[in-house]
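Trainee: I would like a close look at one part of this model, and then at how its surroundings are put together.

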Amino acid sequence: ENHYAIQIATGKDEKERLKAISQMVYGKRVDGLIFLYAQEEDPLVKLVADEQFPFLILGKSLSPFIPLVDNDNVQAGFDATEYFIKKGCKRIAFIGGTKKLFVTQDRLKGYELALKQHQLPIDPNLTYFATEFLEDNGYRFSKLLFEHDPNIDAIITIDSLLAAGVCDYIAKHQLDVPVLSFDSVNPKLNLAAYVDINSLELGRVSFETILQIINDAKNNKQICYRQLIGHKIIEK
């Protein structure tokens, strides 16, 4: 409809990704950029911000001057935890991604806030953080969790690949422990529920917003757009 093509930049590490983004920006290969992740002190974001190149983050930024589209991940983490608390669970484990990612930080914060509000203890031994979203990590962390506390009665994961490993461990050991994950479509896993983060709306609003930012730049306008997309818990 808007006659735009999509170009994707990836890399095995930060150095490669920075090189790819630099070529896009300085070579004027694209009109705007959408970052599909958000982490602390990201040199890629700093590069495009310093160059005043049109961009937005699909995620969170601590700077009030960075345009973004995101979920309220603190509230989503709170809601996921409270979902289990209201079902009588008291020993709820949390498996997240690397702590550098804002999405992990925020969902963990929501998890801890829900435990505090319902006067449940925060046990650091019930939280694990994966450097990569891999099924093997979900399985390995589940093993460590149940070795530490066989009375765990619910597990929250922030990614479906981690959840797949958790579900595999639970099935193989014939445990009756509910699992909840975050996704945008109904995961084909044995979950109690999942938090629908509404990825289609995140993508639609992100694209519409980057188009507006590109047009603003052509007209020498600077407006920082920041929008939150709602989530909901869907029981399976």
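Trainee: How many salt bridges does the count come to?

Mentor: The count comes to 11 salt bridges, a salt bridge being a side-chain nitrogen of Lys or Arg within 4 Å of a carboxyl oxygen of Asp or Glu. The model is predicted, and local features need pLDDT of at least 70, side-chain atom pairs count only at pLDDT 80 or more, and totals for chains, interfaces and linings use all residues. Residues are numbered from 1 along each chain as its sequence is written, and side-chain values use heavy atoms, with hydrogens and water left out.

One salt bridge joins the side chains of R91 and D123, at 3.0 Å from N to O. R91 is in the loop between helix 3 and strand 4 (92–96), and D123 is in the loop between helix 4 and strand 5 (127–129), so the pair ties together parts 32 residues apart in sequence. Helices (H or I, at least four residues) and strands (E, at least two) are DSSP runs, numbered from the N terminus.

Helix 3 (residues 73–85) and helix 4 (residues 102–117) also meet each other: their axes come within 7 Å and cross at roughly 45 degrees. That angle makes helix 3 oblique to helix 4; angles under 35 degrees count as roughly parallel, over 145 as roughly antiparallel, 65 to 115 as roughly perpendicular and the rest as oblique. Axes are lines fitted to C-alpha atoms, for helices over the stretch in contact, with angles from 0 to 180 degrees between N-to-C directions. The crossing of helix 3 and helix 4 is right-handed, the near helix being turned clockwise from the far one by less than a right angle (anticlockwise would be left-handed). Among the residues in contact (heavy atoms within 4.5 Å) are V74, F78 and I85 of helix 3 and V103, Y111 and L115 of helix 4. By class, this contact of helix 3 with helix 4 has 8 nonpolar, 5 polar and 4 charged residues. Here Ala, Val, Leu, Ile, Met, Phe, Trp, Tyr, Cys and Pro are nonpolar, Asp, Glu, Lys and Arg charged, and the others, Gly among them, polar.

The two strands named with the salt bridge belong to an open sheet of 6 strands, in the order 5-4-6-7-8-10, with mixed pairing. Strands pair if DSSP finds at least two bridges between them. Strand 5 and strand 10 (232–235) are the edge strands, each pairing on one side only. Strand 6 (residues 154–157) and strand 7 (residues 179–183) pair in the parallel sense over 2 bridges, and I156 stands opposite L180 in strand 7. Helix 5 (residues 135–148) lies across strand 4, strand 5 and strand 6, at about 150 degrees to strand 4. Helix 6 (residues 160–172) packs on the sheet, touching strand 4, strand 6 and strand 7, and its direction makes about 160 degrees with that of strand 7.

A further open sheet has 4 strands in the order 1-2-3-9, with parallel pairing. Strand 1 (33–35) and strand 9 (226–229) stand at its edges with a single partner strand each, so one side of each has no neighbour in the sheet. Strand 3 (residues 68–71) is joined to strand 9 by 4 bridges, and the two run parallel; L68 has R226 as its bridge partner in strand 9. Helix 7 (residues 199–218) lies across strand 1, strand 2 (55–58), strand 3 and strand 9, at about 165 degrees to strand 2.
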